[in-house]
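Reader: I would like to go through the reasoning behind the labels attached to this model, one label at a time. Please set each value against its criterion before concluding.

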Amino acid sequence: MNGWPADFAARYRASGHWRGQTFGALLTSLATAYGSRIAVVGEGRRWTYAELDERAHRIAAGVLDSGIEAGDRVVVQLPNVPEFLSVVFGLWRAGVVPVFALPAHRESELQHFVEHCEAVAIITVAEHERHDHAAMARAIPGVRQVFAVGEPGFAALEAATPRALPDPDPSGMAFLQLSGGSTGLPKLIPRTHDDYLYSVRESARICGLRGDSVYLAALPVAHNFPLSSPGVLGALHAGAKVVLAPRPDAATVFPLIEREAVTITGVVPPLAAAWVQASGRHDLSTLEVLLVGGAKCGRELAERIGPALGCRLQQVFGMAEGLVCYTRLDDPDELVLSTQGRPISSDDEIRIVDPDDPAATSADVVPPGEVGALLTRGPYTIRGYYRADEHNRIAFTDDGFYRTGDLVRRTATGHLEVVGRVKEQINRGGEKIAAEEVENHLMAHPAVLDAAVVAVPDRFLGERTCAYVVPTDGEKPTAAELRRFVRERGVAAFKVPDLVQVVPEFPVTGVGKTSKRALRTALTALAGER
Ligand code: OOB
């Protein structure tokens, strides 16, 4: 069972997009084909395909032995360590549904994920970047078990005796991915084996992955971009080698590229800019392709990538909800520099509609070449968020198109240029922040009457967050105090407002709503005065 109507599902099967293969079965066939090849390198360890396969079999058995059942949800919060792969493939084999948290998430987010999908366990690391993840996971109410890499409980999972298990339904929910969110807390995105494997397979092909490719995951691997665009899964699909970088900075990554002869990797624009700055000290001559996406890669940066890093730029515009667009490796330079690519599939349906009408349907398309709000539907784009009926009525059209919230223009070649956004989200160098989520945290402060969070243009990150706050009658809270307050509520550090402005009142629109547009204008004026 999944959210696609039967006629669409039948069509996607008939065209060979959905092949009825699970990720567990994929790993089995990879281990048969490439058993002795290196599958993954990370944390000083190198596992072959056969070894990864065996570890995943053990973890599948261990998880079931611990009392977790097929169909249960388990939050996975792992950094870039090889165990990410053995755990996720193990859960897939057991029919257990991983929920992909990012290492940056803290109590507030974890608790929300656990509550929302009634997760029974958390699989994490003992410690990462000086944060005690195991203790944090154990403090989340409702979680029956916590397994932390580096602790005996996890070692027991890895020591279980493998056994034959029934293959889960390929059209059923394989995992829950997180949305960047634009209203309140992050939504959960149900992806199936069928639909996700299709996007992985096509991404590997479009990005030119081969058996002798070496893919480096620089970004946190649980995110959709390094996971599947083409990501570690695309690399494994091609029988290539995956290298996991513990951190994405040039000082960490460049020596790894040199040592492991990395051919392809993917980054967000601010990282690409930092890598361009740092180039010259290492031999990066093996690097063939650098994917840049997650946020808009400006023309100026796009032009510097090839010359500085000696590789081909491939732009990628994707979303955890589904649709992924790539510039193609044989596209003319002009398209690669100026667009964010075209969809993976000829069955990806694109509608560009009236941007001023939030309820615009898939019929309200703007003339060709004009800017509009992007709607999409297709063989790997979800038809609804997990357990979110009310929100789904707004986020999807009646005929099943997802309202991406992005403003785009389409070229005659079918490539999309992302020019802005209509959703209330801040894109902080690829990290997505729902304004409302941060506003709610601020409003929990006793001295805050109202809060409005907006994006401020930033030279390095593209955007940063500014929180405007109207205080109650009592004492005026300071910016530092409010930032500390948000951090102490246990949210990911990237969501703590970069700037806080305490103001007597908010500008309002004609109907009396807080005018975020006016706040943004005021901020830009403020920046101009400095
Ligand atoms: C990727 O996925 P998410 O779910 O973190 O964020 C999706 C949103 C898009 O709706 C868009 O607003 C923005 O991120 N975005 C871009 C972009 N790529 C993503 N905006 C402008 N230019 C781009 N190239 O971010 C994601 C998922 C798979 C592959 C790559 C990125």
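The exchange below takes up the two domains, the contacts between them and the surroundings of the ligand.

Reader: What makes up the division of the chain into domains, and how far apart are the domain centres?

Author: This is a predicted model, and in it the chain is divided into domain 1, residues 24–343, and domain 2, residues 425–529. Taken over C-alpha atoms, the centres of domain 1 and domain 2 are separated by 31 Å.

Reader: How do you know that domain 1 and domain 2 are in contact?

Author: The criterion for contact is heavy atoms within 4.5 Å, and 17 residues of domain 1 are in contact with 19 residues of domain 2. Between them the two domains bury about 1300 Å², of which 51% is on carbon and sulfur atoms. On the domain 1 side, Glu-109, Gly-184 and Pro-270 lose the most area to domain 2, and together they account for 29% of what that side buries.

Reader: Why is the pair Glu-109 and Lys-495 called a salt bridge?

Author: The label requires a side-chain nitrogen of Lys or Arg within 4 Å of a carboxyl oxygen of Asp or Glu; the closest N and O atoms of Glu-109 and Lys-495 are 2.7 Å apart, so the pair qualifies as a salt bridge. The count between domain 1 and domain 2 is one salt bridge, while the structure holds 32 salt bridges. The pair links distant parts of the chain, with Glu-109 in helix 5 and Lys-495 in the loop between helix 17 (479–488) and strand 24 (499–502), 386 residues apart.

Reader: How many residue pairs are in polar contact across the interface, and which helix gives the largest share of the domain 1 side?

Author: Across the interface of domain 1 and domain 2, six residue pairs are in polar contact, both residues being at pLDDT 80 or more. Helix 5 (residues 107–117) provides the largest share of the side of domain 1 that touches domain 2, namely three residues. By class, that side of domain 1 has six nonpolar, eight polar and three charged residues.

Reader: What makes the approach of Val-316 to the ligand a polar contact?

Author: A backbone N or O atom of Val-316 lies 2.8 Å from a nitrogen atom of the ligand, and the cut-off for such a pair is 3.5 Å, so the approach counts as a polar contact. By the same cut-off, Gly-294 qualifies, with a backbone N or O atom 3.0 Å from a ligand nitrogen atom, and Lys-432 qualifies through a polar side-chain atom 2.9 Å from a ligand oxygen atom. In total 19 residues surround the ligand, the closest being His-223, Val-316, Asp-406, Lys-423 and Lys-432.

Definitions and conventions:
Residues numbered from 1 in each chain as written. Predicted model: local features only at pLDDT ≥ 70, side-chain atom pairs only at ≥ 80, totals over all residues. Heavy atoms only, no water. Domains from an automatic or database assignment. Buried area = accessible area lost by both parts, 1.4 Å probe. Polar contact = N/O pair within 3.5 Å; in protein donor to acceptor, adjacent residues only side chain to side chain. Helix = DSSP H or I, 4+ residues; strand = E, 2+ residues; numbered from the N terminus. Nonpolar A, V, L, I, M, F, W, Y, C, P; charged D, E, K, R; others polar. Near = heavy atom within 4 Å.
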